[in-house]
Amino acid sequence: MLRIYARLLAIVLVLSGTAALALIRGVGLGVGIFHLSSAAIFASVGFSRRDSAIIRGVVGTMGVLFLLSGLLVAFSMSVLGFPFEGRVWEAGLVQAALGGLTMACAVLLPCDDEPTIS
């Protein structure tokens, strides 16, 4: 299940990164590159046959990165007013929520190679 989550998240990040590159002027380059590089990491973890502990560690670490970057974006947009004069700071909170969900999935979802209790 965790590998499937990583694959689906890679697809979502590719779509959002491509949209950010195409639609958001000025800031879209950084956001697009961040999302596309994160998508590459999630795709490599989702399709690899590594140990489940490594997969959990990478997905959890990426969740922490998304949480911290989302909170930093929300803080800088709401308090400092950079960029977009303090508007759309909710986008940072959405990214932080995605990071929290990713961390929760890293802890709670089973990996394919883990034994299940029946």
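This is a guided tour of one chain, with a suggestion at each stop of what to select and a description of what is there.

**The whole chain**

Before selecting anything, keep in mind that the model on the screen is predicted. Show the chain as a cartoon, and you will find four helices and zero strands, so that reading from the N terminus the elements run α-α-α-α. The chain has 118 residues, of which 34% count as buried. If you consider the contacts in the chain with a separation of 6 or more, 71% of them are between residues 24 or more positions apart.

**Helices α3 and α4**

Select residues 52-80, which make up helix α3, together with residues 90-108, which make up helix α4. Two packed helices are described by the angle between their axes and the distance between the axes. Here the axes come within 7 Å and cross at roughly 160°, which makes α3 roughly antiparallel to α4, since angles over 145 degrees count as roughly antiparallel. The crossing in which α3 passes α4 is left-handed. If you colour the contact of α3 with α4 by residue class, you should find 15 nonpolar residues, nine polar residues and one charged residue.

**Helices α1 and α4**

Keep α4 on display and add helix α1, which covers residues 2-23. The axes of α1 and α4 come within 10 Å and cross at roughly 160°, and this angle makes α1 roughly antiparallel to α4. Here, too, the crossing is left-handed, with α1 passing α4.

Which residues of α1 and α4 make the contact? On the side of α1, select Leu2, Tyr5, Leu9 and Leu13, and on the side of α4, select Leu98, Leu101, Thr102, Cys105 and Ala106. Divided by class, the residues of the contact of α1 with α4 are eight nonpolar, one polar and no charged.

**Thr102**

Now narrow the selection to Thr102, which is found in helix α4. Is Thr102 buried or exposed? Its relative accessible area is 2%, and Thr102 is therefore buried, because buried means under 20%. Leaving aside its neighbours within four places in sequence, show the residues in contact with Thr102, and you will see Tyr5, Leu9, Phe42, Val59 and Gly63. Of these, Tyr5 and Leu9 belong to the α1 side of the contact with α4, while Phe42 leads on to the aromatic residues of the next stop.

**The aromatic cluster**

Select Phe34, Phe42 and Phe66 and show their side chains, for these three residues form one aromatic cluster. The count of aromatic pairs comes to two.

Begin with the pair of Phe34 and Phe66, whose rings are tilted, with a distance of 5.2 Å centre to centre and an angle of 40° between the planes. This pair links distant parts of the chain, for Phe34 is in helix α2 (residues 28-47) and Phe66 is in helix α3, 32 residues apart.

Turn next to the pair of Phe42 and Phe66, which is likewise described as tilted, at 6.5 Å centre to centre and with 55° between the planes. Phe42 lies in helix α2 and Phe66 in helix α3, so this pair ties together parts that are 24 residues apart in sequence.

With a surface switched on, look at how the members of the cluster are covered. Phe66 is buried, with a relative accessible area of 2%, and Phe42 is buried as well, at 1%, whereas Phe34, with a relative accessible area of 24%, is partly exposed.

**Gly17 and Gly32**

Return to helix α1 and select Gly17, which is found there. At 0% relative accessibility, Gly17 counts as buried. Add Gly32 and draw a distance from C-alpha to C-alpha: the two residues are 15 residues apart in sequence and 4.0 Å apart in space. When its neighbours within four places in sequence are left aside, Gly17 is in contact with Gly32, His35 and Leu36.

**Val31**

For the last stop, select Val31, whose place is in helix α2. At 31% relative accessibility, Val31 counts as partly exposed. Draw one more distance, from the C-alpha of Val31 to that of Thr18, and you should find 9.5 Å in space for two residues that are 13 residues apart in sequence.

Key
Residues are numbered from 1 along each chain as its sequence is written. This is a predicted model: local features need pLDDT of at least 70, side-chain atom pairs count only at pLDDT 80 or more; totals for chains, interfaces and linings use all residues. Side-chain values use heavy atoms; hydrogens and water are left out. Axes are lines fitted to C-alpha atoms, for helices over the stretch in contact, and angles run from 0 to 180 degrees between N-to-C directions. Helices (H or I, at least four residues) and strands (E, at least two) are DSSP runs, numbered from the N terminus. Angles under 35 degrees count as roughly parallel, over 145 as roughly antiparallel, 65 to 115 as roughly perpendicular and the rest as oblique. A crossing is left-handed if the near helix is turned anticlockwise from the far one by less than a right angle, and right-handed if clockwise. Ala, Val, Leu, Ile, Met, Phe, Trp, Tyr, Cys and Pro count as nonpolar, Asp, Glu, Lys and Arg as charged, and the others, Gly among them, as polar. Rings of Phe, Tyr and Trp (its six-membered ring) pair if their centres lie within 6.5 Å; planes under 30 degrees apart count as stacked, over 60 as edge-to-face and the rest as tilted. Buried means under 20% relative accessible area, exposed over 50%, partly exposed in between (1.4 Å probe, protein chains only). Contact means heavy atoms within 4.5 Å.
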